[in-house]
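Hi everyone, thanks for coming along. Today I'd like to walk you through one structure, a few spots at a time, so get comfortable and have it open in front of you.

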Amino acid sequence: MSAPKKLFIKTYGCQMNVYDSERMAEALGGEGYVETKSPDDADMILLNTCHIREKAAEKVYSELGRFKGLKAEKPDLKIGVAGCVAQAEGQEIMRRQPLVDLVVGPQSYHRLPEMEAKAREGEKVLDTDFPEEDKFEKLKNRPKAKRGPTAFLTVQEGCDKFCAFCVVPYTRGAEVSRPADRILREAQDLVERGVREITLLGQNVNAYHGAGANGDMTLAQLIWELDKVDGLERIRFTTSHPNDMQDDLIEAHGTCAKLMPYLHLPVQAGSDKILKRMNRAHTAESYLRLIERIRVARPDILISGDFIVGFPEETEADFQATLDLVEEVKYGTAYSFKYSTRPGTPAAERPQVDPAEADDRLQRLQALLTKQQREVQDSMVGRDVTVLFEKAGRFPGQMVGKSDYLHAVHVADCDRAIGDLARVRILSSGANSLAGALID
Ligand code: 5AD
Ligand code: SF4
């Protein structure tokens, strides 16, 4: 038997890309590839790219440039670009970087084995179609390898919201939900391979409306089906849009024990003028009332969010409204970004905010969010939480896992194994993690 070919995948951007990279590795595994951690000994390099902000795409081009020497040494090395930059730029990538042999958009990953074969024959191959077939169904000849205790599972892809700043509706396409039975089968399979916690993924995950036995199902109904899977202990989902936060999902946060008390619910801005121009279709007030209702259902839920500062025509008063909203919500964690012009999106054509002003606003917002994050984390001290252990710590006998609220927790003198759940009393709060002790 010939030695296996080696595949190096580098993943940028969101959790869905992490999931997609796993599926691509499995698909190419069927063609005799094994993964390697270094591009130096690879026969194929795949960059799974992100297009959400300008810097993300530029990083890909500079990374590609660095492979020039490798390709010169090893003419058989194949270089591919996948993900949202592949979808958005298509042929342009090969024009700008002739080292690239293969360009594959996110909806065509099941065609990767054929594409790889053509690339091996010296062809330049490109596929950025939006085919009808379910790519994940076609990708499912996975080896039954054991896995770590947490996994992502894509249930929905694409988006129909068309926020004025966002490329997702163009790169990932229209909103599509996977049928429930396929998701349940995949969840069962993950559990059999050692997974205890599943994070359901979708660009607009709470818009989920996949086919079930009795018609379309909501995300909450899907979660209740997953709740029945023996051995699955924890369910999370991300990312949600406030307008799709239906009553049954809010209720599930109060009644489904496996659904973790953590919700990523981006608001983007606190000014109604800006929200309107972003085409968000909600107001600051409607978002705040929604958070209130969620906290009635699950008082201890940790709220996470995304923010954009310096959106076109944002004034200091508009920005102040974002700070006011943040003060009111009290976020446990958050991601904040400076607006980045995305060609082809409506906001790209509008008058832009002075970049120095946007930088200053980003700094002020991040200072407030960091302070809140720290306060929420510190408030865990003295409380008892459940921890799912994910790996050994840096010190002998120490284990590290995540609490229900997704805080990293270090436990010393811990006799538990990876994949175990245990009750832990939180003793102290550090820069980015908590420390605790086993209770029983
Ligand atoms: N500029 C800055 N941030 C953006 N996001 C999406 N598009 C842009 C953009 N053009 C942010 C949003 C979104 C997160 C994934 O990325 O906050 O929720
Ligand atoms: Fe982009 Fe999310 Fe808006 Fe969809 S809802 S357009 S993915 S920011």
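Let's warm up with a question: where is Leu 406 found? Leu 406 sits in the loop that runs between β18 (399-403) and β19 (408-411). Before I go on, please keep in mind that this is a predicted model.

So what does the backbone do at Leu 406? Its phi is near 75 degrees, which is a positive value in a residue other than glycine. For background, most residues other than glycine have a negative phi. As for its surroundings, Leu 406 is partly exposed, with a relative accessible area of 30%.

Let's move along to Asp 413, in the loop between β19 and β20 (421-429). Here phi is near 45 degrees, again a positive value in a residue other than glycine. Is Asp 413 buried or exposed? Asp 413 is exposed, and its relative accessible area is 72%.

One more backbone feature, and then we'll turn to helices. Please find Thr 238 and Thr 239: the peptide bond from Thr 238 to Thr 239 is cis, with omega near 5 degrees. In general, most peptide bonds are trans. Thr 239 belongs to the loop between β13 and α11.

That loop brings us to α11, so let's look at that helix. Helix α11 covers residues 247-255, and its buried residues are Leu 249, Ile 250, Ala 252 and His 253. Why do we say that they line one face of the helix? Look down the axis of α11: the buried residues fall within an arc of 155 degrees, so they line one face. On the other side of α11 you will find Asp 247, Glu 251 and Thr 255, which are exposed.

And what covers those buried residues? The cover includes α10 (219-227), β13 (234-238), β14 (262-264) and α13.

Let's stay with α13 for a moment. α11 and α13 pack at an angle of about 40 degrees, and their axes are 7 Å apart. That angle makes α11 oblique to α13. On the α11 side, the contact is made by Asp 247, Ile 250 and Gly 254, and on the α13 side by Leu 290, Arg 293, Ile 294 and Ala 297. Sorted by class, the residues of this contact are four nonpolar, one polar and two charged.

Now for another partner of α13. Helix α13 (residues 284-297) also packs with helix α14 (residues 316-329), at an angle of about 10 degrees and with the axes 11 Å apart. How are these two helices oriented? Angles under 35 degrees count as roughly parallel, and α13 and α14 are therefore roughly parallel to each other. From α13, the contact uses Ala 284, Tyr 287, Leu 288, Arg 289, Ile 291 and Arg 295, while α14 brings Leu 325, Glu 328 and Val 329. By class, that contact has six nonpolar residues, three charged ones and no polar ones.

While we're on α14, have a look at Glu 327, which lies in that helix. Glu 327 is partly exposed, with a relative accessible area of 48%. Which residues does Glu 327 touch, not counting residues up to four places away in sequence? Those are Leu 368 and Gln 372. Glu 327 and Leu 369 are 42 residues apart in sequence, and their C-alpha atoms are 8.9 Å apart in space.

A similar story can be told for Thr 283, in the loop between α12 (272-277) and α13. Thr 283 and Pro 242 are 41 residues apart in sequence and 9.9 Å apart in space, C-alpha to C-alpha. Leaving out residues up to four places away in sequence, Thr 283 touches Asp 272 and Leu 275.

Finally, let's visit ligand 2. Which residues are around ligand 2? Among them are Cys 159, Cys 163 and Cys 166, along with Phe 162, Phe 165, Asn 204, His 241 and Arg 280. By class, the shell around ligand 2 has seven nonpolar, two polar and two charged residues.

If you take one picture away, let it be α13, which packs with α11 and with α14. Thanks for listening, and I'm happy to go back to any of these spots with you!

Key: Residues numbered from 1 in each chain as written. Chains lettered and ligands numbered in written order. Predicted model: local features only at pLDDT ≥ 70, side-chain atom pairs only at ≥ 80, totals over all residues. Heavy atoms only, no water. Axes fitted to C-alpha atoms, helices over the stretch in contact; angles between N-to-C directions. Helix = DSSP H or I, 4+ residues; strand = E, 2+ residues; numbered from the N terminus. Parallel < 35°, antiparallel > 145°, perpendicular 65-115°, else oblique. Contact = heavy atoms within 4.5 Å. Nonpolar A, V, L, I, M, F, W, Y, C, P; charged D, E, K, R; others polar. Near = heavy atom within 4 Å. Buried < 20%, exposed > 50% of the residue type's maximum accessible area, 1.4 Å probe, protein only. Arc of directions from axis to C-beta.
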